[in-house]
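Take a look at the structure below. A short report on it comes next.

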Amino acid sequence: KHWSIIMGNAIEWYEYTSYSLVETEIAINFFQGNKVAGWVGFGLTFVFRPLGGLCFGYMADYTGRKPALLTALWMMLGATVAQ
């Protein structure tokens with residue numbers, strides 16, 4: 001039961017660590033070399049993660065976990081394809 005929580009948290013912090021290690025390349029390729037914009041993009045993840053938790057937590061309380069999870073996955077898929 002607890003392994004899924006531990007693994008999810010580990011993967012998320014791995015993503016944050018990976019971003020911080022390659023931030024220079026991200027700034028060059030996506031933010032025209034502006035390091036401040038690269039770090040602002042990194043910082044925004046810490047703002048939107050709790051907001052997503054609130055929104056999808058509310059949705060999961062009223063519609064169930066499966067529709068909330070599927071909605072989140074479809075939104076991530078759409079954002080990835082739209083790039």
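The report takes the structure topic by topic, and the model it describes is predicted.

## Helix 3

Helix 3 runs over residues 35-63. Its 29 residues should span 42 Å at 1.5 Å a residue, and its end C-alpha atoms are 41 Å apart, which agrees. The helix also has a kink. The kink is about 25° and lies at Val47, shortly before the proline Pro50.

Which residues of helix 3 are buried? They are Gly38, Phe42 and Ala60.

## A nonpolar surface patch

Helix 3 includes Leu44. With a relative accessible area of 39%, Leu44 is partly exposed, since that value falls between the cut-offs of 20% and 50%. Leu44 belongs to a nonpolar patch on the surface. The other members are Val36, Val40, Val47, Phe48, Leu51 and Leu54. Together the patch residues have about 670 Å² of accessible area. Val47 thus appears twice in this report: it is in the patch, and the kink lies there.

An α-helix has 3.6 residues a turn, so residues three or four places apart point the same way.

## Aromatic rings

The whole structure holds 8 aromatic pairs. One of them joins Tyr16 and Phe42. Their ring centres are 6.0 Å apart and their planes meet at 85°, so the pair is edge-to-face. Tyr16 sits in helix 1 (residues 2-21) and Phe42 in helix 3, so the pair ties together parts that are 26 residues apart in sequence.

Are Tyr16 and Phe42 buried or exposed? Both are buried. For Tyr16 the relative accessible area is 8%, and buried means under 20%. Ring pairs also build a cluster. It links Trp13, Tyr16, Tyr19, Trp39, Phe42 and Phe46.

Tyr16 can also be placed against a residue further along the chain. Ala79 is 63 residues from Tyr16 in the chain, and their C-alpha atoms are separated by 19 Å.

## Salt bridges

How many salt bridges are there? The count is 2. In one, Arg49 pairs with Glu12, and their closest N and O atoms are 2.6 Å apart. Arg49 is in helix 3 and Glu12 in helix 1, so this pair ties together parts that are 37 residues apart in sequence. Arg49 is partly exposed, at 48% relative accessibility. Glu12 is buried, with a relative accessible area of 17%.

Glu23 and Lys35 form a salt bridge as well, with an N to O distance of 3.8 Å. This pair links distant parts of the chain, 12 residues apart: Glu23 is in helix 2 (residues 23-30) and Lys35 is in helix 3. Glu23 is buried, with 1% relative accessibility. Lys35 is partly exposed, with a relative accessible area of 42%.

## The loop before helix 3

Gln32 is in the loop between helix 2 and helix 3. At 74% relative accessibility it counts as exposed, the cut-off being over 50%.

What is the phi of Gln32? It is positive, about 50°, although Gln32 is not a glycine. Most residues other than glycine have a negative phi.

## In short

Helix 3 recurs through this report. Phe42 in helix 3 pairs with Tyr16 in helix 1. Arg49 in helix 3 joins Glu12 in helix 1 by a salt bridge. Lys35 in helix 3 is linked to Glu23 in helix 2.

Key
Residues numbered from 1 in each chain as written. Predicted model: local features only at pLDDT ≥ 70, side-chain atom pairs only at ≥ 80, totals over all residues. Heavy atoms only, no water. Patch = residues over 30% accessible without salt bridge, like charges linked within 9 Å, V, L, I, M, F, W, Y side chains within 5 Å. Areas by Shrake-Rupley, 256 points an atom, 1.4 Å probe, with all protein chains shown as cover. Salt bridge = Lys/Arg side-chain N within 4 Å of Asp/Glu carboxyl O. Helix = DSSP H or I, 4+ residues; strand = E, 2+ residues; numbered from the N terminus. Buried < 20%, exposed > 50% of the residue type's maximum accessible area, 1.4 Å probe, protein only. Phe/Tyr/Trp six-rings, centres within 6.5 Å; stacked < 30°, edge-to-face > 60°. Expected span 1.5 Å × (residues − 1). Bend = angle between axes of the 7 residues up to and from the residue.
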